[in-house]
Amino acid sequence: MSRLRGLDLFCGCGGFALALRSAGVSVVWANDTDAAARKTYAANFGHVPDARDIRRIPASQIPAADLLTAGFPCPPYSLSGIAKRNSLGRASGLADSAQGRLVFEVARIVCARRPRAFLLENVRNLAHHAQGRTLQAMLRPFQRLGYSIHWRVLDSAHVVPQHRERVYIVGFRAKAAAARFRWPILRASRLRTLADLLDPDPPAKVRLGARTWACLQRHRAHHEARGQGFGFTLADPVGIARTLSARYHKDGAEILVPWKTGGRPRRLTPRECARLQGFPDSFRISVSDTQAYRQFGNAVTVPVAAAVVRAVVRALYV
């Protein structure tokens, strides 16, 4: 089997790069506009991703490859992103001119470079946005190029202790490969609990301050009085955590765990967030805590992405 070449669009800190590496795919080109994410990527993979806005990169300057991956921006389709846009009077979905149509830049590159397969990832709500019309509109350009499409919602909770549902979209240039493709059955050899990922002696800086903790409690009480379920979550250490998000650096509200001596809870450390996303402890974190929280909150869950990548590679070669 010859070594496959990969393109890593919207690469972030490198979740897809780890998945590609696990399947023997060599990343020949990566791209992200976020400077901190490029720093993390370079520290772990030995090359700095292209920093240009993907809309300004001629397809002729992107190398040919066999497999393209892209975790294109999710805020225009996520429930929280849509709510924020609505509050600001901004458009969401494909009407968001800043981020909502970036998937069509992926289609432009696929059209020019004609990879044998591609793999896209985004939030679960993409499957339901505009009663499914948004997803169908996204897939249409790839289908016009002759690619056969599979898509499915996969939950990371099958392999890591985090409930994280994401839409994975796979496209094949050859119909025979598309017919051979089978979605992986996600299972861990031993499904760990959140407690298995926690540091026994976390630094004091991750414990919530008194004012932050009081604010979160008031916020939760306010919404409970209105019959709403918004607010912080004290995670069960022997259970499954909620979805880690890019806003985690603000107050850690979606995943708080007990402090070792009781009292005010704490947020996860950046390393614990990396573990929750399936990154190995050998993965270098070379940026500030704030940037690390953002990066891991935006990343793909590595074992899930790796399982799908390996299934794609098997379909190309079986």
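## Arg114 and Gln131: two loop residues

Helices and strands here are DSSP runs, at least four residues long for a helix (H or I) and at least two for a strand (E), numbered from the N terminus. With that naming, Arg114 falls in the loop that links α4 (103-113) to β4. This is a predicted model, so keep that in mind while browsing. Arg114 has a phi near 50 degrees, which is positive even though the residue isn't a glycine. As for its surroundings, Arg114 is partly exposed, at a relative accessible area of 30%.

Gln131 has a positive phi too, about 55 degrees, and again it is not a glycine. Its home is the loop between β4 and α5. Gln131 counts as exposed because its relative accessibility is 65%, and the cut-off for exposed is over 50%. For background, most residues other than glycine have a negative phi.

## The sheet

Now for the strands. The model has an open sheet of 6 strands, ordered β2-β1-β3-β4-β6-β5, and the pairing is mixed. The edges belong to β2 (25-30) and β5 (148-155); each has a single partner strand, so one side of each has no neighbour in the sheet. From one strand to the next, the twist averages 20 degrees.

Which sense does each pairing take? β3 (residues 67-70) and β4 (residues 117-123) are parallel, with 4 bridges between them, and Leu68 sits opposite Phe118 in β4. β4 and β6 go antiparallel over 7 bridges, with Ala117 facing Phe172 in β6. β5 and β6 are antiparallel as well, joined by 8 bridges; here His150 stands opposite Val170 in β6. Of the 8 residues in β6, 7 are buried.

## Helices against the sheet and each other

Helix α5 (residues 133-144) lies across β4, β5 and β6 (165-172), and it runs at about 140 degrees to β5.

Elsewhere, helix α1 (residues 15-22) packs on α12 at an angle of about 45 degrees, and the axes are 8 Å apart. That angle makes α1 oblique to α12, and the crossing is right-handed. On the α1 side the contact uses Gly15, Phe16, Leu18, Ala19, Leu20 and Ser22, while α12 brings Val302, Ala305, Ala306, Val309 and Arg310.

## Two nonpolar cores

In soluble globular proteins, nonpolar side chains tend to be buried together. In this model the largest nonpolar core has 63 residues, and those with the most contacts inside it are Phe172, Ile255, Phe279, Phe296 and Val312. Helix α12 (residues 302-317) supplies the largest share of that core, 12 residues. Apart from it lies another core of 32 residues, including Ile54, Val110, Leu120 and Phe142.

What does Val312 touch beyond its neighbours within four places in sequence? The list is Leu67, Ala117, Val170, Phe172 and Phe181. Some of these names came up in the sheet: Ala117 and Phe172 stand opposite each other, and Val170 in β6 is opposite His150.

## Cys111

One last residue to look at is Cys111, in helix α4. Is Cys111 buried, partly exposed or exposed? Its relative accessibility is 42%, so Cys111 counts as partly exposed. Cys111 and Ala59 are 52 residues apart in sequence, and their C-alpha atoms are 9.0 Å apart in space.

Technical notes: Residues are numbered from 1 along each chain as its sequence is written. This is a predicted model: local features need pLDDT of at least 70, side-chain atom pairs count only at pLDDT 80 or more; totals for chains, interfaces and linings use all residues. Side-chain values use heavy atoms; hydrogens and water are left out. Two strands pair if DSSP finds at least two bridges between them. Axes are lines fitted to C-alpha atoms, for helices over the stretch in contact, and angles run from 0 to 180 degrees between N-to-C directions. Contact means heavy atoms within 4.5 Å. A nonpolar core is a set of buried Ala, Val, Leu, Ile, Met, Phe, Trp, Tyr and Cys residues joined through side-chain atoms within 4.5 Å. Buried means under 20% relative accessible area, exposed over 50%, partly exposed in between (1.4 Å probe, protein chains only). Angles under 35 degrees count as roughly parallel, over 145 as roughly antiparallel, 65 to 115 as roughly perpendicular and the rest as oblique. A crossing is left-handed if the near helix is turned anticlockwise from the far one by less than a right angle, and right-handed if clockwise.
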